[in-house]
Amino acid sequence: RGIDERFLSGGSRETFPIDFHSCFPVLARMAPNIALGSSAELSHRSLVFEVIPGQYTVEEVAQHNTLHDCWIIIKDKVYDITKFVPLHPGGRVLLTAAGTDAMEVIFAFHSPNAYLLLKDYKIGVASNCRTSPLILEYRAVRQSLQKMRLFESSKSYYMFKLLSELCVLFAASYGLLHY
């Protein structure tokens, strides 16, 4: 008896006799979100296969990249933000990150509080996320800049900026009136 499509999509738990030397590479390609575990009540030539719900590959997430089916990955978690796209204050710009790891996009344009809005849209975890060295370096630089508090705004700076602009405006209007 072999693994059939009903088993892979159904999430049920069944036992299958396998040939240890030839099956693992095939199973990894067929269904990368299958967990393998041994069972004491089974013979030494059997394993328990179970589909883990809520676990998606990067390739599966990449298929959800449209206005009506939009998933993203942030911190190895998968979010279905399809219902949020029409509510996003920036409009459909969200679709530029649809189906991808959107962590840098989210944190480049939003405060950390924006991440808290996503909790209602979480549908699972990404099982095979690989972060490029460039992104890892970017994250390290961003963290060091955050530690130096360079992303925080200063109210006194903006007050000074406003007052200096008003002084320039006042001086220019005074000069036009009296000369």
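## Nonpolar cores

In this predicted model, the largest nonpolar core (a set of buried Ala, Val, Leu, Ile, Met, Phe, Trp, Tyr and Cys residues joined through side-chain atoms within 4.5 Å) has 17 residues, of which I72, I74, Y79, I81, A102, Y115 and L118 touch the most other members. Buried here means under 20% relative accessible area, with exposed over 50% and partly exposed in between, for a 1.4 Å probe and protein chains only. Strand β6 and helix α4 (103–109) each supply at least two residues of this core; helices (H or I, at least four residues) and strands (E, at least two) are DSSP runs, numbered from the N terminus. Another core, of six residues, lies apart from it and includes Y56, I73, V78 and A126.

Local features need pLDDT of at least 70 and side-chain atom pairs count only at pLDDT 80 or more, whereas totals for chains, interfaces and linings use all residues. Residues are numbered from 1 along each chain as its sequence is written, and side-chain values use heavy atoms, with hydrogens and water left out.

## The five-stranded sheet

Five strands form an open sheet in the order β4-β8-β7-β6-β5, with mixed pairing, where two strands pair if DSSP finds at least two bridges between them. Because β4 (55–56) and β5 (65–66) stand at the edges with a single partner strand each, one side of each is left without a neighbour in the sheet. Strands β6 (residues 69–74) and β7 (residues 77–80) run antiparallel and are joined by four bridges, and W71 stands opposite D80 in β7.

## Helix α6

The 15 residues of helix α6 (residues 133–147) should span 21 Å at 1.5 Å a residue, and the end C-alpha atoms are 21 Å apart, which agrees; the expected span is 1.5 Å times one less than the number of residues. Helix α6 is followed by R149, whose phi is positive, near 65 degrees.
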